[in-house]
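Got the structure open in your viewer? Let's walk through it one selection at a time.

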Amino acid sequence: MRLTSLKFVSEKREKDFAKLNIYSVEDLVRFFPRDYLDLRRVTPLYAAYHNDVVLTACEVLNVEVNRYSKRPTVKALCQQNGRMFTAIWFNQPYVAAKLAPGEYLFYGRVRNKYGFGCQMVNPSFEPASKAEKLKGIIPVYTLSGSLTQGVIRTAMSEALKKVDCPTYIPRSLCEKYSLMPLNEAYAEVHSPSDGESLSKASARIALEEYFLLISAFKVIKGGRDDERKVVYGATSDDVRAFASRFPFEFTEGQKSAVNEIYLNLRSPHRMNRLLQGDVGSGKTAVALAAIYMAVKSGHQAVMAAPTEVLARQNAALLERYLPEYSVKTLTGATPAAEKKLIKKQISSGEAAIVCGTHAVFRDDVVFSDLALAVCDEQHRFGVAQRSSLSDKGNGADVLVMSATPIPRTLSLIFYGDLDITTIKDKPRCRAETVTAIVTEKKYADMYAYIAKKASEGEKTYFVCPKIEGDEEGTVMSVTELYEELSAKLPEARIALLHGKMSDSKKNAVMEAFKGGEYDCLVSTTVIEVGVDVPDATTMVIYNAERFGLAQLHQLRGRVGRGDKKSYCFLLPGADSEEARERLNAVKNSTDGFEIAEADLKMRGGGDFMGTRQSGRVLSEIKNLRFPVETLFKAKALSDEAFSDGSDVSLLSRIAVEKYESLKDVVLN
Ligand code: ADP
Ligand code: MG
């Protein structure tokens, strides 16, 4: 249906819509708001902190455009209750034409630059007179040319009445799970009644989209060989007895994870499972239980970790909790003669449990009876490595673990057809970790705090992105920082750790830090994954903007492991809009899944799906806010649709048509 069939849409506006990739009324309905204004919450600027995103009322006094700088900027001088402030727009010269002196509602980020007063950056706005007619939560769309928010909103409400959005989730499943009708979801997203139903509606649309995408993968990929080859004799009593070896009671999440794994290993289907849970949710104990099931049944198990330090830590746990089995550790640092001996013990079956790094993937590591392969922090491993582990046994079961479900795991869901177990809770009585974004003027306070903590026996991690400094000196390096800290914290005992050190040196430093010989550890991200030092309570991250969100969250997870209050200080090295948005996403959430979602939203989908087609689809829904669980729900629904005898021929045809281009990806 042509856009010009809508009121107020002239051919000129039709062209403006085309610039936003909207060519029809159907496309328009799928053009999701880039943001929402909650008119029920207006904040005075004096109450806003640096980097807050607020809705505020003000008067625009005067507007200026600078077209000659590299980035054209529009500046408006504004006042609110007698206080002046400026609003600034980068790269949006057209804003000037829409902004005349008068009363407005502004929505955007506040910059409270020390000494320069308050500023709003790239705010969206609405004349106060018009805003009066609007109530509740209103959508904000990306604009182009002559389009205004008003024009789009009007066109949208008409379009919603004309377009019918077909659902491809079989009707029986829609009814069984009481899914919201899709038309209703679209209407809600474009004109929300309240926050809660808005997020339900967003999730519903995302569910439909992912359902179709996952179904397409399924059809294209065909069946997989998941016939169980390894037989497990371990009983549920064995597993319960094993769990009682731990000094703590398993959380509900851990218990049900162990249960799912047990049922899978006793079922006729081979296990190919992702165990996910936020940092600190206790995935390791679950993995140990799975390993126990394998060795108790008389088979071998292997546990791979991405770093030497982690492999050592896992080895120590395996030795502690499975003392009756022979545990062998194989890493890059293992001396050649010892390696040879261990490999022999693996192929003869003398070694029941093998623990190590990438070294365990090598072809010359041959098992006599491998039943289970566990990959810890699997986002560091490639897909090929994971399947090579499973090939080492005669159809070994595979358990991969991750605290960062996006993006690698997302692709694994599609490629590998993994089953998913999620640990949703965390062991109780953990003190929370407070995250703060620390600017230069607060450095002194921060160092004073750390010095005090060091004198009280609490430890601090310092992380920077690089080992050595670069020429521009824009990025803090561990070597520079090590020297700087030695001067700033003269009383503290400081250790240095980085990836260029030999593995044995790294281990020695790590052990010494754990053992209390040092107060501070200056390091690159080698400490990122899994390291567990309960009395480390502060994490300082330099050039935090250079790290991925999931990585920052992982790093933060290194503290707050004991019962003392912990802090994570994020030190931005560059002040950009994007950097701030990213760091705030980490600061404002302690939920790894939510952060993964933010990462997905900011980076779009195209990155990790590898094709433009799927990227397009994912980026279409990227403005919607929905929990990552939606993905897993979509997978479960798709599994159900394909197994419960529903007629999936139409669904299959539509899905494959829509995602034709995925064939290449799946088949290579
Ligand atoms: P992750 O899921 O991040 O890999 P770990 O397995 O390293 O988490 O566990 C984090 C910490 O929590 C460890 O010190 C572990 O001993 C502890 N832990 C695990 N499960 C429990 C539990 N049920 N109760 C108390 N502490 C637990
Ligand atoms: Mg872990």
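Before we click on anything, one term: a residue is called buried when its relative accessible area is under 20%. Also keep in mind that this is a predicted model.

**Stop 1: two cysteines**

Start by selecting Cys520. Its relative accessible area is 0%, and because the cut-off is under 20%, Cys520 counts as buried. Now pick Cys355: that residue is buried too, with a relative accessible area of 0%. While you're looking at cysteines, how many disulfides does the structure hold? The count is 0. In case the word is new to you, a disulfide is a covalent bond between the sulfur atoms of two cysteines.

**Stop 2: the sheet of 7 strands**

Next, switch to a cartoon view and look for an open sheet of 7 strands, paired in parallel, in the order 10-11-9-12-13-8-14. Which strands sit at its edges? They are strand 10 (327–330) and strand 14 (419–423), and each of these pairs on one side only. Going from one strand to the next, the twist averages 20°.

Now colour strand 8, residues 272–277. Strand 8 runs parallel to strand 14, and 5 bridges link the two. For one of these spots, select Gly277, whose bridge partner in strand 14 is Ile423.

Then add the helices that pack on this sheet. Helix 11 (residues 283–296) touches strand 8, strand 9 (300–304), strand 11 (353–356), strand 12 (370–375), strand 13 (397–402) and strand 14. The direction of helix 11 makes about 155° with that of strand 9. Helix 13 (residues 336–348) packs on the sheet as well, touching strand 9, strand 10 and strand 11. Its direction is at about 135° to that of strand 10.

**Stop 3: strand 13**

Stay in the sheet and show the side chains of strand 13. This strand is mostly covered, with 6 of its 6 residues buried. Which residues point which way? Asp397, Leu399 and Met401 point one way, while Val398, Val400 and Ser402 point the other way, and all are buried. Here's the general pattern: in a regular strand the side chains alternate between the two faces of the sheet.

Strand 13 has a parallel neighbour in strand 8, joined to it by 5 bridges. Strand 12 also pairs with strand 13 in the parallel sense, over 4 bridges. Click on Val398 to see both pairings: Val398 is the bridge partner of Asn272 and also that of Ala373.

**Stop 4: Gln300**

Move over to strand 9 and select Gln300. Buried or exposed? Gln300 is buried, at a relative accessible area of 3%. Follow its side chain and you'll find that it reaches the backbone oxygen of Ile346 at 3.0 Å. Show what else is around: leaving out residues up to four places away in sequence, Gln300 touches a list of residues including Ala294, Gly349, Phe367, Asp369 and Leu372.

**Stop 5: helix 10**

Now select helix 10, residues 252–265. Its 14 residues reach 20 Å from the first C-alpha to the last, close to the 20 Å expected at 1.5 Å a residue. Among the buried residues here are Gly253, Ala257, Ile261 and Leu265. What covers the buried residues of this helix? The cover includes helix 9 (236–243), strand 8, helix 11, strand 13 and strand 14.

**Stop 6: the sheet of 6 strands**

Time for another open sheet, with 6 strands in the order 15-20-19-16-18-17 and parallel pairing. Its edge strands are strand 15 (433–437) and strand 17 (494–497), each pairing on one side only. On average, neighbouring strands of this sheet are turned by 15° against each other, direction ignored.

Highlight strand 19 (residues 536–542) and strand 20 (residues 566–571), which run parallel and are joined by 5 bridges. Thr538 stands opposite Tyr567 of strand 20. Then add helix 16 (residues 443–455), which lies across strand 16 (459–463), strand 18 (520–523), strand 19 and strand 20. Helix 19 (residues 549–556) lies across strand 15, strand 16, strand 19 and strand 20. Helix 16 runs at about 150° to strand 19, and helix 19 runs at about 150° to strand 19 as well.

**Last stop: Phe626**

Finish in the loop between helix 23 (612–620) and helix 24 (629–643), where you'll find Phe626. Phe626 counts as buried, at 7% relative accessibility. Select Arg204 too: the two residues are 422 apart in sequence, and 8.5 Å apart in space, C-alpha to C-alpha.

Definitions and conventions:
Residues are numbered from 1 along each chain as its sequence is written. Chains are lettered from A and ligands numbered from 1 in the order in which they are written. This is a predicted model: local features need pLDDT of at least 70, side-chain atom pairs count only at pLDDT 80 or more; totals for chains, interfaces and linings use all residues. Side-chain values use heavy atoms; hydrogens and water are left out. Two strands pair if DSSP finds at least two bridges between them. Axes are lines fitted to C-alpha atoms, for helices over the stretch in contact, and angles run from 0 to 180 degrees between N-to-C directions. Contact means heavy atoms within 4.5 Å. A disulfide is a pair of cysteine sulfur atoms within 2.5 Å. Buried means under 20% relative accessible area, exposed over 50%, partly exposed in between (1.4 Å probe, protein chains only). A polar contact is a pair of N or O atoms within 3.5 Å; within protein, one must be able to donate a hydrogen and the other to accept it, and residues adjacent in sequence count only if both atoms are side-chain atoms. The expected span of a helix is 1.5 Å times one less than its number of residues.
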